[in-house]
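Here are my notes on the model you sent over. I have kept them as numbered points, so you can follow along with the coordinates open.

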Amino acid sequence: MTRIAHISDIHFGRIAYANDAQIDIVQALIDDINAASVDLVVVSGDLTQRAFGHQFRAARRMLDAFDAPTLVVPGNHDVFPWWRLLSRLFDPLRRYRKLISSDLNPRVELKDAVVVGINSAHGWTVQGGRITASELDQIRHGFEGTASGTARILVVHHHITKLTGLGDHDMVKGAEQARALVCEANVGLILSGHLHIDHVEMIEAEGNRYIVASCGTSTSSRGRGKEGSVNLYNLISIEGSAVDIETKRFNSAEQLYATQSQQSFVR
Ligand SMILES: [Fe+2]
Ligand SMILES: [Fe+2]
C-alpha cells in the first residue's frame, strides 16, 4: 500500500488561530501526518500569502518537519505580488526556487504510484494561472514507462477540470490541452488546491475516468463560503486499483485533525 498526504493552500502569513497562543495548527498538521506514516507529502501550492522571504522560510521549516519526502508545486500566491512588478514579470518564483525547490515540475516514483507535479503559477497571468508548453510536456512525458498497474497522479495548484459538485469555479488557462494529455497518459488521480474548498469527485468524460481531489486550505484562515473556518487535508491510500481518500478536518478544541469523511474508488 502507498499512502500520500495531500495538503494545500498553507498561506504562511494568514495562518488560522495565529492570535491564539494555545493553538498551533501547523504543528498539529505535521504531527498528524507524521503519525500516519505516509510515503509522500504532496503540497498543491500557495505556501505563502505574499511570497515574502519570512513566509517561505516558515514553509521550509514545515516541509523539513515532515518525516516523509515532499513533492511541492507553487501557487499563484507564491509569485511576487503586483507591487514587485519587475520581479513578478521576469523572475516570479525566485524566492520559491531558492527556499522551497528549484524544480517547478517535480516527479516522484513510489511503490504503487508515479506522482508528477506541474507549475501553473506565472508572473504574467492573473490569479487563475496558466499551463504552458513545458508543463504540457511534463504531463506528456512524466508518466512514460510507468507500469500498467501503477497509479498515475498529477499535482497542479489550479484546476484543469470542471467539478460538477462545485457550481461555477475557476479553471486554469490551458486546461483543455492539459485534460487531453491527462487522458492520453491514463492519469487516475489529480490533486489540486486554489479554490479553498474541499471536494472529491470521480470525473467520467469521453471514455476516460479519473478522480479529482480539491484540497481546501489545510492551515489558513482563508477558507471560502461555508468553509470559512474549516481546515482540512486528504490522506490517500492506494492499493492495487483501490483508492481511498480520507478527509481530515482540524478540531481546534482537541488540537488535532479528525476524520471528516472517507471515500473509496476503483481506478
Ligand atoms: Fe490559496
Ligand atoms: Fe491559489
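1. Buried residues account for 45% of the 267 residues in the protein; a residue counts as buried if 20 or more other C-beta atoms lie within 10 Å of its own, as exposed if 12 or fewer do, and as partly exposed in between, with C-beta atoms placed from the backbone. Please keep in mind that this is a predicted model: local features need pLDDT of at least 70, side-chain atom pairs count only at pLDDT 80 or more, and totals for chains, interfaces and linings use all residues. Residues are numbered from 1 along each chain as its sequence is written, while chains are lettered from A and ligands numbered from 1 in the order in which they are written.

2. On overall dimensions, the C-alpha trace spans about 50 × 45 × 35 Å along its principal axes. The radius of gyration is 17 Å, which agrees with the value near 18 Å for a compact globule of 267 residues; it is taken over C-alpha atoms, and the globule rule is 2.2 Å times the number of residues to the power 0.38.

3. The secondary structure comes to six helices and 12 strands. These are DSSP runs numbered from the N terminus, helices being H or I with at least four residues and strands E with at least two. Among contacts between residues at least 6 apart in sequence, 70% join residues at least 24 apart; a contact means that two C-beta atoms, placed from the backbone, lie within 7 Å.

4. Now the interior. The largest nonpolar core has 70 residues, such a core being a set of buried Ala, Val, Leu, Ile, Met, Phe, Trp, Tyr and Cys residues joined through C-beta atoms within 7 Å. V42, L189 and I190 have the most contacts inside this core. Helix α1 (residues 25–35) gives the core its largest share, six residues. Beyond its neighbours within four places in sequence, L189 is in contact with A151, I153, Y210, I211, A213 and V243.

5. An open sheet of six strands follows the order β4-β5-β6-β7-β9-β8, with mixed pairing; strands pair if DSSP finds at least two bridges between them. β4 (107–109) and β8 (199–205) each have a single partner strand, so one side of each is left without a neighbour in the sheet. From one strand to the next, the twist averages 20 degrees. Axes here are lines fitted to C-alpha atoms, for helices over the stretch in contact, and angles run from 0 to 180 degrees between N-to-C directions.

6. Within that sheet, β5 (residues 113–118) and β6 (residues 151–156) run parallel and are joined by six bridges, with V116 opposite L154. Helix α5 (residues 133–142) packs on the sheet and touches β4, β5 and β6, its direction making about 170 degrees with that of β5.

7. Which strand is largely enclosed by the rest of the structure? It is β10 (residues 232–239), because six of its eight residues are buried. β10 runs antiparallel to β1 (residues 2–7), through five bridges, and also to β11, through eight. H6 has N234 as its bridge partner, and I236 has I245.

8. Two hairpins are worth a look. β10 and β11 have two residues between them, and G240 in the turn has a positive phi of about 60 degrees. β11 and β12 have four residues between them, with Q255 at a positive phi of about 55 degrees. 

9. Finally, L85 in helix α3 (residues 85–90) is exposed, because there are just 11 other C-beta atoms within 10 Å.
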